[in-house]
Amino acid sequence: MRIVVFLLLLFSRPASNAAIDHAQLVDVNSTPGSWLTHGRSYHEERQSPLTEITPNNVGELGLAWYFDTGTRRGLEASPLVIDGVIYSTSSWSKVFANDALSGELIWQYDPQVPRAWGVNACCDVVNSGVAAWGDNLYLGTLDGRLVALNRQTGDVIWESLTIDPSRPYTITGAPRIIKGNVIIGNGGAEYGVRGYVSSYDADDGSLRWRFFTVPGNPNEPFESPAMKMAAETWTGELWWKVGGGGTVWDSMAYDADLDLLYIGVGNGSPWNRHVRSPGGGDNLFLSSIVALKPETGEYVWHYQTTPGDSWDYTATQHMILADLTIDGVLVKVLMQAPKNGFFYVLDRANGELISAEKYVAATWASHIDLSTGRPVETENADHSIEAKTTKPAPFGGHNWQPMAFNETTGLVYIPAMEGLAPYSTARDFTYLPGGHWNLGQSEGNTVLPGNQYLINAVIKRIFTGHLLAWDPVRQKEIWRVEHETMWNGGVLTTAANLVFQGTGDGRLVAYRADSGEQLWDTQTLTGVIAPPISYQIDGEQYIAVMAGWGGAPTLAFNLPGSSTGANGRLLVYKLGGEASLPEALGASAIPVPPPRHGTEETIVAGQVLYNTHCGRCHGAGLIGNGLLPDLRDMGHDQSANTPEVFKAIVLQGAYVDLGMVSFADVMSETDAEAVYDYIVDAAHARWEDQDASPLWRDLEAWFMDLVGALIAQFI
Ligand code: CA
């Protein structure tokens, strides 16, 4: 009798009390309905084993429920699903726990990130998600804290500051947890920081180890033998004063058999290698994949994708561990499609290169030499004397949006991008501390065409995006789907021959994994950049994705997904789902601009200053992106929008609580007034344009599209 009672107690125990341990994370297939860690497993393959949704019935998918995060900035999180609860994060590092069946909010947590810290985030105030261990969740906050939360209540268990708050570090990545080590990196290499990855004790938040990715002050002792080795590949002294870069801001993977943690390392600070390390050198471990022992942080091996990186070609992109049969032999590989345009297959036991081929256009290198493992640079790679236009752009052939690997098709699905950018070398580089980009490039080529249709047309032609199905064994493309915009979502694949991806133009789409045939799509009302996930409750399979437009190119450019103005949401679909989203918001009226101000000269000067200091967040050519204020809307409050009010905002930080910090350290009163003149001029151009007949506007857009296509041909 006692045994029966004991068994009853055992089986009636609420599943929500189950603590996450190492065995569960190593064997995620024993809980196929859950999503326990960032990339579903330590191998980060993002393939769900669930097969209820198939190519035959995927057309019946409908919205089960949605949750409004109340934010209008980028949503990049990969949610976790544990014991019937879905855990997601939003911009400004907020966490939400929702009932995965009904969508009901159970708890939420806001770490209260000071909005002024947003100026240190190169690529939006985003967050990739939480990690689970024991009874807790772990979150990295934009302002550099690691926070442990009780999974049932959202209560804070502990909090550790992982950064030097006097430097522009940010955390946007998701922690990974290996045997009670909470592993977290950070970002900030565009501004100037020294990269590292740290491990904190899951129980009490104490620092267990820290692995620096680039050497520090040469007058101080090396932190590790790896740093001694790395220091021999750097020259000059500017790099360590700026920081050197090499931030570990996103990808990690773990092989439990080899007991190796893999980290993806980012670009240099400054970008330009001639400024950063003027005597040359590979600059280890920039743009490298590094294998570490997860319990000590000890270096094991590295593979550098872009030696002496000068293009922001990070190797922080998603890494997938898989077992591939290559020339008849089963090999444990690590796969990555970093920004530099080559798809790499490495032996993950020792870091040796197996193969590498271009998955998008890349002009900086002709090929990767298989005997040395190094890229063979072209003449285009040298921008030391004159500026060069190079493919891919700093956005990369692939950015942070996760890929997926389907074991059955053997294909990797890459959110791929084509693009190009000018690269140059600053003659007299001056390091700007604080929230300013330090790229080491020469400024001055930053006057854009005045016509907004032309700007949009050129951007649309130069930067394109597609979903690419890639065979990693044969290193070749199998199929592709062209998208409306360059910037699209991460990918999910399932064991039922399906691929799911959200798009920048506001859809979630399902394809056959083997052929790329589109089977289903639905409107999401805002651009999707996050990767979908899948889970199962009571035998029903769900597809969940965060829909919220944002990220670096969406701040800089007016891309198609930016126009809807919808809030960011968690969307959950199931077969026969019948919920519906609220109506999309209409466009708001264009306000009357303030009186014209300044001269032709100050307007041109204002444009150059705007493109140098403001355009990365407020949009190229002053075309708003729906994320931050369109500055041409300044006429909304006629009495307030005078040069004096503008200067108070730009120079005195009047809007610092909203995230708009003072730029007084790089702009004078005359400068700020010139920017004002430029904005008012553009606001008048837009105001006058709305009086044109729709036919005339269509004609103008059509003509500028043609001109844009022509210009794009010659860039
Ligand atoms: Ca970067």
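This text walks through a predicted model, from its domains to a calcium site, its aromatic rings and two buried side chains.

Start with the overall layout. The domain assignment splits the protein into domain 1 (2-440 + 453-575) and domain 2 (600-689). Domain 1 is thus written as two stretches of the chain. The C-alpha centres of the two domains lie 33 Å apart. The domains also touch: 22 residues of domain 1 are in contact with 22 residues of domain 2.

Turn next to the calcium ion. Its protein donors come from E190, N267 and D312. E190 is listed twice, each time through OE. N267 gives OD1, and D312 gives OD. These donors lie 2.3 to 2.9 Å from the ion. Along the chain they follow the spacing E-x76-N-x44-D. N267 sits in the loop between β17 (260-264) and β18 (268-269), while D312 sits in the loop between β20 (299-304) and β21 (319-326), so this pair ties together parts that are 45 residues apart in sequence. Are these two residues buried or exposed? N267 has a relative accessibility of 1%, so it counts as buried. D312 has 5% and also counts as buried. The cut-off behind both calls is 20% relative accessible area.

Now the aromatic rings. The model holds 28 aromatic pairs. One of them joins Y191 and W437. Their ring centres are 6.2 Å apart, with 65° between the planes. That angle makes the pair edge-to-face, because planes over 60 degrees apart fall in that class. The pair links distant parts of the chain. Y191 belongs to the loop between β12 (181-184) and β13 (196-201). W437 belongs to the loop between β30 (421-423) and α6 (452-462). The two residues are 246 residues apart. Their surroundings can be compared by accessibility. Y191, at 3%, counts as buried, whereas W437, at 23%, counts as partly exposed.

W437 has a further partner. R616 lies over the face of W437, at 4.0 Å from the ring centre. Another arginine is placed in this way: R194 lies over the face of F212, at 3.8 Å from the ring centre. Elsewhere, ring pairs link Y303, W311, Y313, F342, Y344 and W364 into a cluster.

One member of that cluster leads to H383. Among the residues that H383 touches is W311. Its other contacts include N272, H274, K388 and Y423. S310 is also touched, and here the side chains make a polar contact at 3.0 Å. H383 is found in the loop between β26 (374-377) and β27 (388-390). With 1% relative accessibility, H383 counts as buried.

The last stop is S78. Which loop holds S78? The one between β2 (61-68) and β3 (80-82). At 2% relative accessibility, S78 counts as buried. Its side chain has two polar partners to look at. The side chain of R46 makes a polar contact with the side chain of S78 at 3.0 Å. The backbone oxygen of H38 lies 3.1 Å from a polar atom of the S78 side chain. S78 also touches W35, S128, G129, P531 and I533. The contact with I533 spans a long stretch of sequence: the two residues are 455 residues apart along the chain, yet their C-alpha atoms are separated by 7.0 Å.

Methods. Residues numbered from 1 in each chain as written. Predicted model: local features only at pLDDT ≥ 70, side-chain atom pairs only at ≥ 80, totals over all residues. Heavy atoms only, no water. Donors = N, O, S within 2.8 Å, 3.2 Å for Na, K, Ca; no water. Helix = DSSP H or I, 4+ residues; strand = E, 2+ residues; numbered from the N terminus. Buried < 20%, exposed > 50% of the residue type's maximum accessible area, 1.4 Å probe, protein only. Phe/Tyr/Trp six-rings, centres within 6.5 Å; stacked < 30°, edge-to-face > 60°. Lys NZ or Arg CZ within 6 Å of the ring centre and 35° of its normal. Contact = heavy atoms within 4.5 Å. Polar contact = N/O pair within 3.5 Å; in protein donor to acceptor, adjacent residues only side chain to side chain. Domains from an automatic or database assignment. Lists of a residue's contacts leave out its neighbours within four places in sequence.
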